[in-house]
Each structure stands twice: as structure tokens, then as C-alpha cells.
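Grab a pencil and work through a few exercises with me. Try each task yourself before you read the solution.

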Amino acid sequence: MKAESAAPALGLRIRQLDLAKDGGRAVDELRALLLEHQLLVIAKQQLTSQQLMDFGRGWGELMTHPSSVARKNPYVQKLANQGDVKGKGFGAWHSDMTWHPTPPWITMLHAQTIPISGGDTGYANQHLAYESLDRASLDKRRMFRRHLATQDELEGLHAFHVGKGFGEHVPDSVHPVVRTHDETGRKALYVNPEFTSHIVDVTERESERLLWPLWLHAVTEEFTYRHRWSTGDLVIWDNRSVMHTAILDYDEPRSMSRIVIQGNVPV
Ligand SMILES: O=C(O)CCC(=O)C(=O)O
Ligand SMILES: [Fe+2]
């Protein structure tokens, strides 16, 4: 296999690897690369749902998503739009399923049908967001006209993540605002505008004061990679260190298969 950087902020593009054939054997090497680069793009794959699940199981236990539990195969989520999204909505930045007590540590997305233009996915490295906070807080206070928290101010804070939007039976969870990566020990911001409702044990005003500037900072262009999909791409990302957003700007069909792998309790 050959590899090259996808963007300075995160991401590694892998070539000359056939996952249907060599996926099982490549997992150890890919895992090490993922820890270093937070996101992997493996192009030109043709995986059936079964092959995607088999490959995924080499990384850990597959999880279901509330949107897929009633399906015949609850482990492979089909994201399919008939080209009807343009102008109708806005993607929101998030890390996957943060409302879950043990959110997936990785997500794999495999592209089947992609629009001729549009339908990219944005990714943002939350280690860089956290590590630059103290440096950024002076400058950005001026730019955002808001206070941007320092690392010290976030120490020990926890936030509430809402899962109930997917149904009454879906759990909500409280997780640390700054997450320590359970394999590398590196810290990352772990709050997102899609699922995080508030910081707990502070006033609503204080929670708003902290969260909005954090979210703005978290997706600073310098921390991001924008993936332009091709049919056959498999993208794997580490939800402990990356936020992502679907860009809903297309009016042609787009379909993807997705699996998520069980993670640990965020600390
Ligand atoms: O469709 C996309 O671009 C991303 C969707 C998403 O948020 C996910 O697969 O977790
Ligand atoms: Fe997602």
C-alpha cells in the first residue's frame, strides 16, 4: 500500500490496497495510521454490505444506529438521498452518536452513488482545536466579539448530549467537554452543535457563553479537510478526535453505506 497526506490538518490517502482481498491483514497497519492521521481515505473499493461488516469487525464490535434498528441489516446504515436536499437543510458539525454512553470510536463511510458536484463531507481535527485554544483565545475574542475559553476554564467541565431526537428509548449522555484519547492520551474538544445541548452544573448563560465560541473555533479552516467523494471511496475516521459535517448542497442522488464501531466511555 502507498500513502500520502490528504490535508495538513488531518487525513491520509491510501492507495493500492484491496480491502475485499487484504482488508483483514491490513487492519493493524491501518489502525496505527488512523491514530496518527485521524482519518483514512481508501479509494477504489467495491465492498458489499457483508464485506464492509467483515472488515469492520476486524476493528471491534459493530453498533446499530436508531435509524437502522428496524432494518433487515441493522449494522449497515444506508444513507440515501434522491437528490432532494439542496436548499432544504444544513449539515451540522458533530462527532457520531455522542448521546450514547459509549459512542462509536470510528465510523466508516463507503460511497456508492455520488453527485457530479456537491455532497462533500467536512472534517475538523479536534486535537488541533483544543491545543490551539490558549493561543487563539486572545485573537479570537476580538474576532468573535465573544470570550473564547482557555484550556484551564474547560478543565473538569461536562456536557449533556441529547439522543432523544431519535426516539424516546434512545439514551442521553453526559461526557467531558475535553476528551482524552484513550489510545494516544492526546486531548480533544468533545462538544458539538448537533447533539450537545448544554454544559452541566453551570448556568444556562454560562453554558451558552462557553459553547458558541468553542464551536466556531472548532471548525476553523486550518483544522479541516473537505472530502470530495468518488464512487468506491471508503473513509474511516476517529470520532474521539474528529468532528464532521455532511454538506447538503446537491440535487442529484447520493448513497452511502455506513458502519460504526463501539467505543469506550469518554474520559
Ligand atoms: O453523509 C455524509 O457526508 C456524512 C454523514 C454522517 O454524518 C455520518 O455518516 O456519520
Ligand atoms: Fe455523522
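The exercises below go through this model, which is a predicted one.

**Exercise 1. Two domains**

Find how the chain is divided into domains, and describe the contact between them.

*Solution.*
Step 1: Start with the bounds. According to the domain assignment, domain 1 covers 2–84 + 102–117 + 228–261, and domain 2 covers 125–218.
Step 2: Look at the contact. Domain 1 puts 10 residues into it, and domain 2 puts in 14 residues.
Step 3: Sort the domain 1 side by class. You should get six nonpolar, three polar and one charged residues there.
Step 4: Now take the C-alpha centres of the two domains. They lie 25 Å apart.

**Exercise 2. The nonpolar core**

Work out where the largest nonpolar core lies relative to the two domains, and which of its residues have the most contacts inside it.

*Solution.*
Step 1: The core has 61 residues. Leu 39, Leu 40, Leu 189 and Ile 236 are the ones with the most contacts inside it.
Step 2: Both domain 1 and domain 2 give residues to this core, so it lies between them.
Step 3: Zoom in on Ile 236. Skip its neighbours within four places in sequence, and you find it in contact with Leu 34, Leu 39, Leu 40, Ile 106 and Met 108.
Step 4: Here's the general background: in soluble globular proteins, nonpolar side chains tend to be buried together.

**Exercise 3. Around the ligand**

List what surrounds ligand 1, then sort the shell by class.

*Solution.*
Step 1: Going along the chain, the residues are Leu 79, Asp 96, Thr 107, Leu 109, Thr 121, His 244, Ala 246, Met 256 and Arg 258.
Step 2: By class, that makes four nonpolar, three polar and two charged residues.
Step 3: Which strands each supply at least two residues of this shell? They are β6 (106–113), β15 (242–246) and β16 (254–261).

**Exercise 4. Helix α6**

Check the span of helix α6 against what is expected, then find its buried residues.

*Solution.*
Step 1: The helix runs over residues 204–218, which is 15 residues.
Step 2: From first C-alpha to last, α6 reaches 21 Å, close to the 21 Å expected at 1.5 Å a residue.
Step 3: The buried residues of α6 are Leu 210, Leu 211, Pro 213, Leu 214, His 217 and Ala 218.
Step 4: What covers them includes the helices α3 (126–131) and α4 (133–144), along with strands β7 (121–125), β11 (187–189), β12 (196–199) and β15.
Step 5: Trp 215 also lies in α6. Count its C-beta neighbours inside 10 Å: there are 18, so Trp 215 counts as partly exposed.
Step 6: The C-alpha atoms of Trp 215 and Leu 52 are 32 Å apart, with their places 163 residues apart along the chain.

**Exercise 5. Buried or exposed?**

Decide whether His 127 is buried or exposed, and do the same for Gly 24.

*Solution.*
Step 1: The cut-offs you need are 20 or more other C-beta atoms within 10 Å for buried, and 12 or fewer for exposed.
Step 2: His 127, in helix α3, has 22 such atoms, so it is buried.
Step 3: Beyond its neighbours within four places in sequence, His 127 is in contact with Arg 186, Ala 188 and Ser 241.
Step 4: Arg 258 is 131 residues away from His 127 in sequence, and their C-alpha atoms are 24 Å apart in space.
Step 5: Gly 24, in helix α1 (residues 19–37), has 12 such atoms, so it is exposed.
Step 6: Gly 24 and Asp 54 are 30 residues apart along the chain, and 8.2 Å separates their C-alpha atoms.

**Exercise 6. Positive phi**

Look at phi in Gln 16 and in Lys 44, then place each residue in its loop.

*Solution.*
Step 1: Gln 16 isn't a glycine, yet its phi is positive, about 60°.
Step 2: Gln 16 sits in the loop between β2 (12–15) and α1. It has 11 C-beta neighbours inside 10 Å, so it counts as exposed.
Step 3: Lys 44 also has a positive phi, near 60°, in a residue other than glycine.
Step 4: Lys 44 is in the loop between β3 (39–42) and α2 (49–57). With 14 C-beta neighbours inside 10 Å, Lys 44 counts as partly exposed.

Methods. Residues numbered from 1 in each chain as written. Chains lettered and ligands numbered in written order. Predicted model: local features only at pLDDT ≥ 70, side-chain atom pairs only at ≥ 80, totals over all residues. Near = placed C-beta within 6 Å. Helix = DSSP H or I, 4+ residues; strand = E, 2+ residues; numbered from the N terminus. Nonpolar A, V, L, I, M, F, W, Y, C, P; charged D, E, K, R; others polar. Expected span 1.5 Å × (residues − 1). Contact = placed C-beta atoms within 7 Å. Domains from an automatic or database assignment. Core = buried A, V, L, I, M, F, W, Y, C linked by C-beta atoms within 7 Å.
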